[in-house]
Amino acid sequence: MDTTPPVTQQIGRNPHENRCKSVDIDVSDVQDCNVFDRQGNRLSFRSLYQEKKAIIVLVRHFLCYTCKEYVEDLAKIPKSFLSHADARLIVIGQSAHHHIDAFCQLTGYPHEMYVDPEKEVYRKLGMNRGDTFIKAAGHSLHVKSNMFTGTVKSIWRAMTSTAFDFQGDPSQQGGALIIGPGAEVHFAHFDMNRLDHMPINWLLEQAGVQTVDFTDQPIIHV
């Protein structure tokens, strides 16, 4: 009798895929929604993209290992690449604002980060809930842990955090937007599952930002 264990493969978007259909969204539905900075100050969503083009990445919860590793790669984008393209890079989570500092420290992320604890932006944009796995999938360049080790790490971080919570809704999926200046939406993607995030270099290309070599590259913030 064959006792070979089955092979388990994580499902995610092919990082080399050059074509991706943008979701049709009306940003006016969310422009007046509120997000909060690390001090708890309230900002309108539209203020993030009104003056210049913004790459906005909405993540699941801060304890999600795929989000952590994805943001670790976002951290490798030099600020000079963004300033040269006159663009902003923004991550939005759905935790309370007091989790922002710890998550930035954990991931080494030096760019802008805000939270939407009421999930108002997620909800009004119609972002997905639950995991829907897709047939056309490949390995994600940005996720290094397998599902078992990643989940164990997430649980351990939850148990050792000062406030034992998920730092967001585990069922809520995220996505990526490229908006601005003004209300022009250049691209929008809603994640189908925890591994369906867009390849970062694909987003950078769409925003006119220089791409990054993510293979064993140290974080450079200049």
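**Strand β3 and the largest cavity**

Good morning. I begin with strand β3, where six of the six residues are buried, so the strand is largely enclosed by the rest of the structure. Please bear in mind throughout that this is a predicted model.

Let me take the two sides of this strand in turn. In a regular strand the side chains alternate between the two faces of the sheet. In β3 both faces are covered: K53, I55 and V57 are buried on one side, and A54, I56 and L58 are buried on the other.

Which strands pair with β3, and in what sense? Strand β4, residues 87-93, pairs with β3 in the parallel sense over six bridges. Within that pairing, L89 of β4 is the bridge partner of I55. Strand β6 pairs with β3 in the antiparallel sense, over five bridges. There, A54 has I179 of β6 as its bridge partner.

I turn now to the empty space in the model. The count gives one cavity of 30 Å³ or more, and the largest cavity holds about 110 Å³ of space. Its lining consists of 15 residues, and those nearest the centre are V57, L58, Y70, D191 and H197. V57 and L58 are also among the buried residues of β3.

Which elements supply at least two residues each of this lining? They are β3 (53-58), α1 (65-74) and β6 (175-179). The largest share, three residues, comes from α1.

Finally, the character of the lining: seven of its residues are nonpolar, five are polar and three are charged. Thank you for your attention.

Key. Residues numbered from 1 in each chain as written. Predicted model: local features only at pLDDT ≥ 70, side-chain atom pairs only at ≥ 80, totals over all residues. Heavy atoms only, no water. 1 Å grid on protein atoms, 1.4 Å probe; cavity = no way out; pocket = protein on both sides within 12 Å on 5 of 7 lines; lining within 4 Å. Points joined across faces, edges and corners; volume = space filled by probe spheres on them. Helix = DSSP H or I, 4+ residues; strand = E, 2+ residues; numbered from the N terminus. Nonpolar A, V, L, I, M, F, W, Y, C, P; charged D, E, K, R; others polar. Buried < 20%, exposed > 50% of the residue type's maximum accessible area, 1.4 Å probe, protein only. Pairing = 2+ DSSP bridges.
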